[in-house]
Structures are given as C-alpha cells and as structure tokens.
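Me: I am new to this structure and should like to be guided through it by questions and answers. Please begin once the structure is shown.

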Amino acid sequence: MKQSQLFTKTQKEAPKDEVSKNAQLLIRAGYVHKEMAGAYDLLPLGFRVVDKIKQIVREEMNAVGATEFLMTSIQNKNTWTDTNRWDDEIVDVWFKSDLHAGGQVGFGWSHEEPITAMMKNHIHSFKDLPVYVYQFQNKLRNELRAKAGLMRGREFIMKDMYSFSIDEETHNVFYNQAMEAYTKSFERLGLGDDTFITFAAGGAFTEFSHEFQTICDAGEDITYINREKNIAINEEVLNEKTLKDLGITEDELEKVTTAEVGNIFNFGTEKCEQMNLYFDGPEGKPIPVHLGSYGIGITRVMGVIAEKMSDENGLVWPEDIAPFRIHLISINADIEAQDIYDKLQESGVEVLWDDRDVRPGQKFADADLIGIPHRVVISPKTIEAGGLEYKKRTDADANIISESDLFQLVK
RNA sequence: CGGGAUGUGGUGUAACGGCUAACAUAUCCGCUUUGGGAGCGGGGGACUCCGGGUUCGAAUCCCGGCAUCCCGACCA
C-alpha cells in the first residue's frame with residue numbers, strides 16, 4: 001500500500017485523557033480512533049493487525065478441527081432466562097434494548113446460551129457429536145468502568161469457541177488440545193515467553209479453569225508464576241490447598257501483574273441440562289452434552305502487544321502481527337522505489353511505501369512510530385552506495401544491501 | 001457504583017472577573033529546502049462541553065447535568 005493513500009495521520013502528542021501506553025501509541029500512530037470510553041474504531045493499520053491476529057488464531061483453531069461460523073450480536077431474552085442469566089443482578093454487564101415491536105433483546109456479552117440453544121436443532125444423537133465451533137465476534141459489555149485503553153472495553157473482538165462432547169473423557173481430550181492450540185497461538189503472536197497457563201477459579205463442574213495470563217503492567221490480574229516449573233496461579237485461588245495440589249510452595253512463586261488474554265472453561269453437563277440439550281445415546285437413552293468454552297480477546301491481544309513492545313520512538317510489532325512486513329521509504333527516488341514496490345507486491349510481500357512528498361525526517365519518525373519490522377530506504381545516496389539501505393525496527397544502525405539481498409531476505 | 005481530577009480550534013497548552021480568546025503543532029497557499037518530525041511569509045479553523053445563575057461584564061465565580069481519565073469496587 002502506498003502511504004499517500006493512508007488517510008490516517010500520525011500525531012506527536014497523545015490526547016491528554018489517554019494515559020495507557022497501548023492507547024497512546026496506537027492513537028498516535030493511527031491504528032485506532034477512540035469513539036468513546038471503552039470503544040475504539042480500527043483504522044486501516046489497526047484493522048490489518050487485528051486481521052493478522054485473527055488469522056493466526058483461526059489457523060490454530062482449524063488445526064484442532066473446529067469450524068468457523070458467526071452468530072448474531074442481538075440475542076433473544078428467552079435464551080437467557082432458562083439459565084437465570086438474563087437478570088441484571090446475576091450478570092451485571094448486560095446491554096439491553098426494547099424492541100419497537102415489543103419485547104426485549106440483549107446485546108451479546110457471551111454466546112454460551114445462544115449456541116447451546118441453537119445446537120438443539122443440530123445435535124440429536126451420539127452420532128452428531130462432537131461439535132467444535134468458533135467465531136470472531138464483537139462482544140458488548142456494559143462495564144462499569146472501561147480502562148487501560150484497549151485492555152478493558154465495552155466493545156471488543158473476541159474469538160470464542162465451544163465444544164460439545166459426548167462424555168467427560170472426550171471432552172477432556174479436546175480441552176487439552178485446545179490448551180495446546182492456545183499455547184501455540186500465543187507463541188505465534190509473539191507472547192509465548194510471557195504467557196502462562198494459569199490456574200483460576202473453576203465452576204460447578206471443575207475445581208479450576210485455565211486462564212492464559214500474559215505479564216503486562218497494564219493488566220488487571222495478579223498471578224503467581226514459576227518459570228522453571230511452568231506453573232502459574234491466579235491470586236484468586238492461591239491458597240494452601242492449591243499449592244499442595246500443584247506441589248509447590250509460595251516462596252517458589254514470583255508475583256506478577258498480568259493481563260488475561262485467554263480463558264478456557266469446562267461447563268460439564270450443567271448448562272446443557274439447564275437448557276435441555278440432550279442426545280440419544282447408543283441405547284436410546286437421553287444423555288446431557290458436555291460443554292466447553294474457550295475465549296481469546298483479540299483486540300486485547302493487540303493492546304497487550306502494543307503495551308509491551310515499543311521503545312521511545314514508537315511501536316515495535318512482532319514479525320507476524322505487523323500491519324506490513326516492509327516499510328519502504330523513498331527519498332528522491334520515486335521511479336526506483338516504484339520498481340522495488342511493484343516487485344515486492346508481485347512476490348506477495350506486504351509493503352507500505354512512503355511515497356509522500358514530505359521531508360525525510362518525517363518519514364523516518366513516522367516509520368519508527370508505526371513500527372513495521374523491516375525498513376528499506378531508497379535514495380540517490382543508497383543507489384550510489386550499491387542499492388538499498390536496510391534496517392530492522394529493532395536495530396540501531398542500517399546497512400546497504402543489494403536488491404537481490406532484499407528478496408533473499410524476505411523469502 | 002463510592003471517591004478524586006479534568007473539560008478552551010483536529011491535537012497539546014495559555015489567558016488577573018475586563019481589548020477582537022493567545023501560542024505550538026496539524027492543515028491550506030507561496031518561496032526556499034530535501035537523510036531524522038526544516039525555514040520564512042500569508043490564510044482558514046473555537047457559540048471556551050451543555051443548561052441555568054451571580055455580575056455593568058464570565059473561558060474564569062456558583063449550581064445542575066453530561067463527558068473523559070485515575071483509585072476503589074466489579075471482572076461466570
């Protein structure tokens with residue numbers, strides 16, 4: 001893409017009411033626009049980053065045999081009364097609205113009830129199981145207090161996956177596969193080293209649920225971790241019994257602030273019993289379905305990465321998340337740059353070409369702020385020196401490479 | 001929802017109760033410049049969040065609302 005076609009502008013200063021680093025950087029660099037508290041528009045750059053994150057997660061979910069679909073944002077009240085979760089006293093994040101035609105709808109803060117209700121149309125027999133589905137969905141939550149930029153919003157994109165299994169054993173197999181898929185996803189998202197599978201509060205069916213917590217000062221959770229033993233415990237379940245069960249003592253644990261980027265949860269048969277989702281077993285007897293729920297906060301992941309990965313000049317995206325792979329900067333070399341740009345495009349490399357008629361200093365400053373991993377400069381100076389100038393966003397110094405070096409590099 | 005703070009061009013700031021609300025940046029035009037947010041000149045852009053009140057006079061003081069941020073609570 002040519003930068004002259006990018007309508008967004010960079011800003012030297014962040015809005016004064018935006019205190020969190022992630023939102024400051026993302027706004028300054030033109031990735032997001034704040035619509036109101038807890039609601040951010042995704043501008044072209046931000047949209048591309050979110051797309052990258054989604055694609056990685058999508059590939060990992062597909063790899064465990066889940067199928068993508070999409071449910072609605074507005075939800076039927078009756079679906080939620082069965083489980084007693086329509087009540088604002090029980091679920092305090094509801095957005096609700098009256099219909100002009102009469103009655104009420106809720107705006108989806110989760111889809112556990114609607115998906116379970118929907119599956120009554122599709123799951124009748126043990127032969128229909130298992131079912132694994134997931135979606136990328138805008139969740140709407142009436143949070144009392146939005147905070148920390150993209151970290152806790154009232155509207156955000158979530159990947160939610162649901163597993164419908166025939167029995168506990170089958171459920172557990174998939175649950176563990178999902179856990180591995182999550183681990184892989186966060187590795188590919190560049191958060192592997194700082195993300196921990198964390199024991200957290202469970203539900204009626206299990207003692208623990210598993211959260212994926214990433215070390216991040218802007219996070220809202222306190223987690224106790226041990227890197228060697230790869231054990232992490234959410235503060236909310238840190239007690240004698242948990243420590244004993246996990247075979248660890250408190251002084252072996254390090255206390256860190258974390259952001260919950262994912263959560264997997266076993267409902268057992270509870271929800272399906274409440275909602276009357278049963279299947280006929282081999283002997284013809286009705287058996288309740290085992291439900292699992294698995295979430296990743298897609299836009300929160302973008303916030304966490306922005307929060308964690310930057311320097312004094314701006315964002316520093318991991319290779320696989322960046323909106324573009326190469327930032328091509330031309331200085332008085334439009335014809336040569338056009339040639340390189342075309343060739344990169346043809347070979348499928350995502351390149352942002354700063355073709356604007358602005359001074360070099362501004363291009364460099366903007367490139368640093370936007371944080372694309374590889375920077376290539378072409379100018380009379382570099383041409384005379386033998387080609388192009390190349391620098392990684394994380395490098396301090398640049399060096400001259402040839403055109404063929406560049407194509408070798410991006411392969 | 002409790003507590004605290006703040007609302008002034010797109011963004012960041014200034015302005016004693018008193019002149020046509022100032023400056024920087026961004027933007028537009030011209031000249032100049034072209035490897036780290038250049039320089040000079042000129043232009044446009046604000047019902048000072050909204051509604052009341054006090055006053056000869058309110059961006060400024062008072063009351064109410066709304067919005068935003070922070071702390072807490074909350075976060076199956």
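Me: Which element gives the largest share of the surface near RNA strand B?
Reply: The model discussed here is a predicted one. The elements that give two or more residues to the surface near RNA strand B are helix H10, spanning 360-370, and helix H11, spanning 380-385. With eight residues, the largest share comes from H10.

Me: Which residues come nearest to RNA strand B?
Reply: A residue is taken as near the strand if its C-beta atom lies within 6 Å of it. There are 42 residues around RNA strand B. Those that come nearest are Asp17, Ala37, Pro360, Gly361 and Phe364.

Me: How many charged residues does the surface near RNA strand B have?
Reply: Sorted by class, this surface near RNA strand B has 15 nonpolar and twelve polar residues. Its charged residues number 15.

Me: Which residue in the turn between S1 and S2 has a positive phi?
Reply: Strand S1 (residues 32-36) and strand S2 (residues 39-42) run antiparallel and are joined by four bridges. Met36 stands opposite Ala39 in S2. The two strands form a hairpin with two residues between them, and the residue in the turn with a positive phi, of about 80°, is Gly38.

Me: Which helix gives the most to the largest nonpolar core?
Reply: The largest nonpolar core has 90 residues, and those touching the most other members are Leu26, Ile53, Met161, Ala178, Val301 and Leu328. The helix that gives the most to this core, with seven residues, covers residues 44-63 and is H2.

Me: Where does this core lie with respect to domain 1 and domain 2?
Reply: Domain 1 covers 3-311 and domain 2 covers 324-410. Both give residues to this core, so it lies between them.

Me: With which residues is Val301 in contact, leaving aside its neighbours within four places in sequence?
Reply: Val301 is one of the residues that touch the most other members of the largest nonpolar core. Once its neighbours within four places in sequence are left aside, Val301 is in contact with Ile53, Leu189, Val261 and Ile296.

Me: How many residues has the other core that lies apart from the largest one?
Reply: This other core includes Phe196, Phe199, Ala200 and Ile225. The number of its residues is seven.

Me: What percentage of the residues in chain A is buried?
Reply: Chain A contains twelve helices and 23 strands. Its C-alpha atoms fill a box of roughly 80 × 60 × 45 Å along the principal axes. Of the 411 residues in chain A, the buried share is 42%.

Methods
Residues numbered from 1 in each chain as written. Chains lettered and ligands numbered in written order. Predicted model: local features only at pLDDT ≥ 70, side-chain atom pairs only at ≥ 80, totals over all residues. Nonpolar A, V, L, I, M, F, W, Y, C, P; charged D, E, K, R; others polar. Pairing = 2+ DSSP bridges. Core = buried A, V, L, I, M, F, W, Y, C linked by C-beta atoms within 7 Å. Buried ≥ 20, exposed ≤ 12 C-beta atoms within 10 Å, placed from the backbone. Domains from an automatic or database assignment. Contact = placed C-beta atoms within 7 Å.
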